[in-house]
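Me: I would like a close look at one part of this model, namely the place where the ligand sits, and then at how the rest of the fold is arranged apart from it. Please take it step by step and keep to what can be read from the coordinates.

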Amino acid sequence: MIIGVPKEIKNNENRVGVTPAGVTELVRNGHTVYVQATAGEGSGFVDAEYEAAGATILPSIEEVYGIADMIVKVKEPIESEYNLVKDNQLLFTYFHFASHEPLTTAMIERNAVCLAYETVERADRSLPLLVPMSEVAGRMAVQQGAKYLEKPLKGRGILLGGVPGVRPAKVLILGGGVVGTNAAKIAAGMGADVTIMDTNLARLRYLDDIMPANVNTLMSNEYNVRQLLPTHDLIIGAVLIPGAKAPRLITRDMLKDMRPGTVLVDVAVDQGGCIETCKPTTHENPTFIIDDVVHYCVANMPGAVPYTSTQALTNATMPYVLMVANKGWKQACADNAELKKGLNVVNGKVVYAGVAEAFNLPYTPVEEVL
Ligand SMILES: NC(=O)c1ccc[n+]([C@@H]2O[C@H](COP(=O)([O-])OP(=O)(O)OC[C@H]3O[C@@H](n4cnc5c(N)ncnc54)[C@H](O)[C@@H]3O)[C@@H](O)[C@H]2O)c1
């Protein structure tokens, strides 16, 4: 198969869909890979590394789309890319169709085959191509939180780990899933006094077993949240109810219970946020202050660490990319139920129920296109 790797052109996106290690694997399996010039630069991979791995560098995005059977990238195509998509071309990337009608319409009109990273799903309902970004965001939430707790950045001026003779900071993590667990590990490693709250008792039992002694677990309910707010320095929002908006666990009136300089990092902001006063921010302008409380609500946190994020993402995507390249999308999706769930739009038909529902479009069961 001919595989094309375009350079991401969405604002501030520095990740890339395939690394030189991925090219090596694809070439070893008999495939041909074309990479757009400088596509990997933002993630630390120069063109020469791709060439050494066996790829051919093409100067323009038009040439990459023009030659490839399958496009592997990171973000959904943006408007200027819509017309580059060829009839029947396979695109394997994040799409998030349900929140973007023009993109859905464009892919239907282009007669593309769209495999979406975010809906590839295991039998246990976990989302293997979203997990790596949650791992990055969870770890980064503590790094950012620690930074914004510094006085010059309007925080309380407390060191996360304290020092001998001085108590460490208190970190409250709302939601003990992938983001919350990764945040807890890093906060605990830095010596903070950490509490994780979740509504899932089985999950709390598990976390209690595996976490170090400076991490406590607590049932998530409004009473317990209110009890902890006045004494905690860094609060990380990491809840998710699949397919729904995030529940509001911290409401505007609760800000007055927090001390000035408390830092809120709402990682769940991409699902509407679990802190009422959080609105999406960008890496250029990541924080704002309400009632002396610092709010950090960047919707694409992994974008700030593309070296790590690209490798984390491609570690997870490459086995699927190889499967599709080796068998073709139809056979690969027929053989692999996880991958089949990734099909969203196929040759003009919407085959993912949530996307059809979102825009009142006709829905075609995926089996009919295989
Ligand atoms: N901002 C970013 O850059 C970024 C990056 C990655 C993920 N995210 C977002 O982070 C959020 C968390 O993702 P995840 O992968 O950890 O999800 P996850 O499903 O692994 O974990 C979510 C946890 O929230 C818990 N939960 C649900 N309701 C709760 C409540 N009322 N109180 C406490 N806990 C509750 C669940 O039991 C679960 O353990 C999602 O909204 C995801 O989209 C954001």
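Reply: The model is a predicted one, and I begin with its interior before turning to the ligand. The largest nonpolar core has 45 residues, and those with the most contacts inside it are Leu26, Met70, Phe92 and Leu343. Helix H10, which runs over residues 306-327, gives the most to this core, with nine residues. If we take Met70 and leave aside its neighbours within four places in sequence, we find it in contact with Met1, Ile2, Ile3 and Gly4, with Leu90 and Phe92, and with Val321, Val324 and Ala325. Apart from this core lies another, of 32 residues, among them Tyr148, Ala188, Val294 and Val298. As a general background, nonpolar side chains in soluble globular proteins tend to be buried together.

Now to the part you asked about. The ligand is surrounded by 28 residues, of which the closest are Ser134, Asp198, Ser220, Asp270 and Met301. Sorted by character, the residues of this shell divide into 17 nonpolar, nine polar and two charged. Helix H6 (131-148), helix H7 (178-189) and strand S8 (193-198) each supply at least two residues of the shell, and the largest share, three residues, comes from H6.

Several polar atoms can be placed against the ligand individually. With a nitrogen atom of the ligand, a polar side-chain atom of Ser220 makes a pair at 2.7 Å. On the backbone side, a N or O atom of Met301 lies 2.7 Å from an oxygen atom of the ligand, while a polar backbone atom of Ala299 is 3.1 Å from an oxygen atom of the ligand. Taken on its own, the ligand has 870 Å² of accessible area, and the protein covers 85% of that.

For a view of another part of the chain, consider Thr38, whose place is in the loop between strand S2 (32-36) and helix H2 (47-53). Thr38 counts as partly exposed because its relative accessibility is 25%, a value that falls between the limits of 20% for buried and 50% for exposed. Leaving aside neighbours within four places in sequence, Thr38 is in contact with Lys7 and Asp47. The C-alpha atoms of Thr38 and Tyr352, which are 314 residues apart along the chain, are separated by 34 Å.

Notes
Residues are numbered from 1 along each chain as its sequence is written. This is a predicted model: local features need pLDDT of at least 70, side-chain atom pairs count only at pLDDT 80 or more; totals for chains, interfaces and linings use all residues. Side-chain values use heavy atoms; hydrogens and water are left out. A nonpolar core is a set of buried Ala, Val, Leu, Ile, Met, Phe, Trp, Tyr and Cys residues joined through side-chain atoms within 4.5 Å. Buried means under 20% relative accessible area, exposed over 50%, partly exposed in between (1.4 Å probe, protein chains only). Helices (H or I, at least four residues) and strands (E, at least two) are DSSP runs, numbered from the N terminus. Contact means heavy atoms within 4.5 Å. A residue is near a molecule or strand if one of its heavy atoms lies within 4 Å of it. A polar contact is a pair of N or O atoms within 3.5 Å; within protein, one must be able to donate a hydrogen and the other to accept it, and residues adjacent in sequence count only if both atoms are side-chain atoms. Accessible areas come from the Shrake-Rupley method with a 1.4 Å probe; for residues, only the protein chains shown count as cover. Ala, Val, Leu, Ile, Met, Phe, Trp, Tyr, Cys and Pro count as nonpolar, Asp, Glu, Lys and Arg as charged, and the others, Gly among them, as polar.
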